[in-house]
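Student: I would love a close look at one part of this chain, with enough of the surroundings to place it. Could you walk me through it?

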Amino acid sequence: MFDKVLIANRGEIALRIQRACKELGIATVAVHSTADADAMHVRLADESVCIGSPPASDSYLNIPRLLAACEITGADAVHPGYGFLSENARFAEILEEHSITFIGPTSEHIRIMGDKITAKETAKKLGIPVVPGSDGEVTSEAQALKIAKEMGFPVLIKATAGGGGRGMKVAHTAADLGLALSTARSEAKAAFGNDSVYVEKYLQKPRHIEIQVFGDGKGNAVHLGERDCSLQRRHQKILEESPSPALNAASRQKIGEVVANAMRKIKYRGAGTVEFLFEDGEFYFIEMNTRLQVEHPVTEAVTGIDLVLEQIRVASGGNLAFKQEDITFSGHAIECRINAENPRTFRPSPGQITYWHPPGGLGVRVDSGVYQGYRIPPFYDSLIGKLIVHGKNRNECLMRLRRALSEFVIDGIETTIPLFNELIRQPDIANGLYDIHWLEKYLGKQP
Ligand code: ADP
């Protein structure tokens with residue numbers, strides 16, 4: 001087992017990883033930018049190193065500085081969390097070259113699931129069903145038009161290097177195609193420094209259902225059921241739940257087995273998520289995330305498995321602690337992402353938290369990196385916490401969620417709590433009847 005883990009992240013996920021390390025008796029190192037000197041992840045770590053100024057490129061994304069921090073502190077492993085360098089194959093490789101363990105999959109696994117075109121090709125080879133679309137990159141409007149006509153409109157132009165819902169444009173007719181192509185390209189260039197795009201069939205009423213997988217890097221792998229993340233705004237998840245109200249035990253087992261088998265074939269190591277769109281009973285692969293996800297606690301709640309602790313165990317050479325038949329799913333869990341944002345316009349709302357009262361009680365978990373008096377810096381994403389509620393069935397979970405949301409008080413800044421209070425009272429949400437477009441339609445109808 002490791003002696004000391006450096007956590008190359010900030011906020012709630014840095015604290016989440018610290019918790020698992022503490023339980024395993026591993027010392028923790030926090031890294032931080034100058035904007036985060038007062039952050040909770042710094043206060044609670046055994047050691048901390050300031051690695052640069054607020055822009056992520058100068059701190060949380062700066063590989064030489066992270067390596068220096070490892071060297072200064074003698075950390076023998078790095079947990080990247082999510083975002084930042086978590087899916088950077090080069091970072092994983094450099095750490096290995098320095099005999100520091102990257103707590104995640106191999107750099108090779110990150111690469112084959114890295115850009116979206118390569119990921120789709122890998123998925124196809126592994127027998128995972130994918131969204132119909134172009135074979136690889138599309139370089140001209142004529143080429144896009146030919147594919148679109150074959151598949152039928154609407155189509156979606158997607159950035160090969162995409163992430164965070166950026167670089168995606170819908171073309172409903174041939175007349176829209178030119179503009180969709182050029183805007184997707186320029187958005188992709190600006191966001192990722194790479195203007196490569198491809199074309200996919202645009203599904204009109206799918207749900208986003210993702211399968212959590214876990215492997216030991218030795219050919220043993222399991223699936224831990226699904227998460228339904230269909231409640232989205234601008235392709236960004238807002239609320240996640242498990243199990244999906246749209247799946248039954250047979251379809252869950254079927255897709256879970258397809259994905260777990262694929263992970264066994266590639267000897268996948270650690271936690272991963274295979275994302276699908278689900279429409280009319282069919283699954284279509286969109287991408288794989290080779291890391292821990294924001295919404296992982298939903299799976300932890302229904303399986304009772306500590307995913308971060310298992311990631312650390314497996315990265316240090318341990319065997320998988322469970323077989324597929326050992327995994328049982330109990331009850332229902334929902335996560336709400338609490339963002340420091342205006343609940344209507346979604347404008348970021350950084351600033352000082354003057355009062356902080358998180359909810360508690362049976363089945364309620366709050367993962368957050370903030371505290372009363374903390375000043376949220378304007379430089380990073382606006383997620384300040386996650387409320388995860390578990391109940392013995394979906395009804396109990398919703399009842400508890402309503403209660404927990406009403407208890408949650410955050411003053412001084414705006415948050416998305418009022419939006420969740422409103423959403424869970426909508427009949428479609430209560431009945432589990434929503435697809436990936438539901439939230440945008442709902443928001444469009446509100447004053
Ligand atoms: P990112 O990596 O930017 O998050 P994804 O490929 O994971 O991009 O897609 C994010 C979201 O965009 C999906 O959850 C879904 O809402 C929407 N989306 C992606 N591909 C399609 C598609 N072919 N048809 C309809 N919606 C899509």
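Student: To set the scene, what percentage of the 447 residues in the chain do buried residues make up? After that, please take me closely through strand β10 and its partners.

Tutor: Happy to. Please keep in mind that this is a predicted model. Buried residues make up 58% of the 447 residues in the chain. The fold as a whole holds 15 helices and 20 strands. Its radius of gyration is 21 Å, close to the 22 Å that the globule rule gives for 447 residues, so the chain is as compact as a globular protein of that length. The C-alpha trace spans about 60 × 50 × 45 Å along its principal axes. If we take contacts between residues at least 6 apart in sequence, 66% of them join residues at least 24 apart. About 17700 Å² of surface is accessible, and carbon and sulfur atoms account for 51% of that.

Now to the strand you asked about. β10 covers residues 221-233, and 13 of its 13 residues are buried, which makes it a mostly covered strand. One partner is β9 (residues 207-216): the two run antiparallel and are joined by six bridges. Within that pairing, Val213 stands opposite His223 of β10. β9 and β10 form a hairpin with four residues between the strands, and Gly217 in its turn has a positive phi of about 80°.

The other partner to look at is β11 (236-242). β10 and β11 also run antiparallel, here with four bridges. Asp228 has Glu241 as its bridge partner in β11. This second hairpin has two residues between its strands, and the loop there is worth a pause. Most residues other than glycine have a negative phi, and most peptide bonds are trans. Arg234, in the loop between β10 and β11, has a positive phi near 50° without being a glycine. His235 is in that loop too, and its phi is likewise positive, at about 65°, although it is not a glycine. As for their surroundings, Arg234 counts as exposed because its relative accessibility is 58%, over the 50% cut-off. His235, at 36%, falls between the cut-offs and so counts as partly exposed.

Following the chain out of β11, you come to a cis peptide bond between Ser242 and Pro243, with omega about -5°. Pro243 sits in the loop that leads from β11 to α9 (249-266). There is another cis bond between Phe153 and Pro154, where omega is also about -5°. Pro154 belongs to the loop between α7 (141-151) and β6 (155-159). Val155 is in β6, and at 0% relative accessibility it counts as buried. Leaving out residues up to four places away in sequence, Val155 touches Ala148, Lys169, Val170, Ala171, Leu177, Val199, Glu200 and Tyr202. Ala180, 25 residues from Val155 in sequence, has its C-alpha 9.7 Å from that of Val155.

β11 also brings us to helix α12, since it is among the elements that cover the buried residues of that helix. The others include β14 (332-339), β17 (364-368), β19 (383-391), α13 (417-423) and α14 (427-430). α12 (residues 394-407) has 14 residues and reaches 20 Å from its first C-alpha to its last, close to the 20 Å expected at 1.5 Å a residue. Its buried residues are Arg394, Glu396, Cys397, Leu398, Arg400, Leu401, Ala404 and Leu405. At the start of the helix, a side-chain oxygen of Asn393 comes to within 3.3 Å of the backbone nitrogen of Asn395.

Two further places complete the tour. Glu12 lies in helix α1 (residues 11-23) and, at 6% relative accessibility, counts as buried. Beyond its neighbours within four places in sequence, Glu12 is in contact with Tyr82, Asp367, Ser368, Gly369, Leu383 and Lys386. Finally, there is an open sheet of five strands in the order β3-β2-β1-β4-β5, with parallel pairing. Its edge strands, β3 (47-52) and β5 (101-102), each pair on one side only. β4 (residues 77-79) pairs with β5 in the parallel sense over two bridges, and Val78 has Phe102 in β5 as its bridge partner.

Notes
Residues are numbered from 1 along each chain as its sequence is written. This is a predicted model: local features need pLDDT of at least 70, side-chain atom pairs count only at pLDDT 80 or more; totals for chains, interfaces and linings use all residues. Side-chain values use heavy atoms; hydrogens and water are left out. The expected span of a helix is 1.5 Å times one less than its number of residues. Buried means under 20% relative accessible area, exposed over 50%, partly exposed in between (1.4 Å probe, protein chains only). Contact means heavy atoms within 4.5 Å. A polar contact is a pair of N or O atoms within 3.5 Å; within protein, one must be able to donate a hydrogen and the other to accept it, and residues adjacent in sequence count only if both atoms are side-chain atoms. Two strands pair if DSSP finds at least two bridges between them. The radius of gyration is taken over C-alpha atoms; the globule rule is 2.2 Å times the number of residues to the power 0.38. Accessible areas come from the Shrake-Rupley method with a 1.4 Å probe; for residues, only the protein chains shown count as cover.
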